[in-house]
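Hi,

Here is the structure I promised to send over. Have a look at it first, and then read on for what turned up.

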Amino acid sequence: MKEMEFAALDDELQNATDFITGCVEKECSPAIMMKLEISIEEIFVNISHYAYRDSEEKPGKVRIRCSVENDFLEMTFIDRGTPYNPLEKEDPDITLNAQDRPIGGLGIFMVKKYMHDMHYEHADGENRLTLVMKLA
């Protein structure tokens, strides 16, 4: 397992993406890599924009743990911001036209579709969102 900490700033997104994609030890299809990068961006940017909004800690921190085993990448995003479980957000109604849908929720909806498994816990003052992606 590898772990790295980043400032919860949009400017750190590329560094976080490079860290996670660097954990992938073998070649992935372009489609899988695209889904992985979209997922990283969605989760990281949500943390940077919302987790520390009401906190005195500016910028906050995001720790990322990742490991690969048996063609599955496991990534855990950890922050000490406002407790929030994105998995409880109701999925958007994608049958509606974009202009008829309320704003928000589409990004996490896509991440849910791309991942093999996801789970959230709040423990020891930390939000811990784990994503598991099949690489093959």
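**The largest pocket**

By class, the residues lining the largest pocket split into eleven nonpolar, five polar and six charged. One thing to keep in mind throughout: this is a predicted model.

The space in that pocket comes to about 480 Å³. Its lining is made up of 22 residues, and those closest to the centre are Asn46, Ile47, Tyr50, Tyr84 and Pro86. Which element gives the most to the lining? That would be H2, with six residues. Helix H2 spans 30-51, and together with strand E3 (72-79) and E5 it belongs to the elements that each supply at least two lining residues.

**Salt bridges**

Side chains of opposite charge can pair when their charged atoms come close. Searching the whole structure for such pairs gives eight salt bridges.

The one I'd look at first joins glutamate 126 and arginine 63, with 3.0 Å from N to O. Glutamate 126 sits in strand E5 (residues 126-134) and arginine 63 in strand E2 (residues 61-69), so this pair ties together parts that are 63 residues apart in sequence. Are these two partners buried or exposed? Both glutamate 126 and arginine 63 are buried.

Arginine 128 is worth a click too, as it turns up in two of the bridges I looked at. With glutamate 121, its closest N and O atoms are 3.5 Å apart. With aspartate 124, the N to O figure is 3.4 Å. The surroundings of these side chains go like this:

- Arginine 128 counts as buried, because its relative accessibility is 16% and the cut-off for buried is under 20%.
- Glutamate 121 is partly exposed, at a relative accessible area of 40%.
- Aspartate 124 counts as exposed, at 65% relative accessibility.

So arginine 128, a buried residue, pairs with aspartate 124, which is exposed.

If you want to select the whole set in your viewer, there is a network of salt bridges linking Glu3, Arg63, Arg65, Arg80, Glu121, Asp124, Glu126 and Arg128.

**Backbone oddities**

Aspartate 124 comes back here, since its phi is positive, about 55 degrees, although it is not a glycine. Where does aspartate 124 lie? Its place is in the loop between strand E4 (117-123) and E5.

Aspartate 71 also has a positive phi in a residue other than glycine, near 65 degrees. This aspartate lies in the loop between E2 and E3. Aspartate 71 is partly exposed, with a relative accessible area of 29%, whereas aspartate 124 is exposed.

**Threonine 21**

One last stop is threonine 21, which is found in helix H1 (residues 13-23). It is buried, with a relative accessible area of 18%. What does its side chain have beside it? A polar atom of that side chain lies 3.4 Å from the backbone oxygen of aspartate 18. Leaving aside residues up to four places away in sequence, threonine 21 touches Met33, Leu36, Glu37 and Ile40.

That's the tour. Shout if anything is unclear.

Cheers

Note on methods. Residues numbered from 1 in each chain as written. Predicted model: local features only at pLDDT ≥ 70, side-chain atom pairs only at ≥ 80, totals over all residues. Heavy atoms only, no water. Salt bridge = Lys/Arg side-chain N within 4 Å of Asp/Glu carboxyl O. Helix = DSSP H or I, 4+ residues; strand = E, 2+ residues; numbered from the N terminus. Buried < 20%, exposed > 50% of the residue type's maximum accessible area, 1.4 Å probe, protein only. 1 Å grid on protein atoms, 1.4 Å probe; cavity = no way out; pocket = protein on both sides within 12 Å on 5 of 7 lines; lining within 4 Å. Points joined across faces, edges and corners; volume = space filled by probe spheres on them. Nonpolar A, V, L, I, M, F, W, Y, C, P; charged D, E, K, R; others polar. Polar contact = N/O pair within 3.5 Å; in protein donor to acceptor, adjacent residues only side chain to side chain. Contact = heavy atoms within 4.5 Å.
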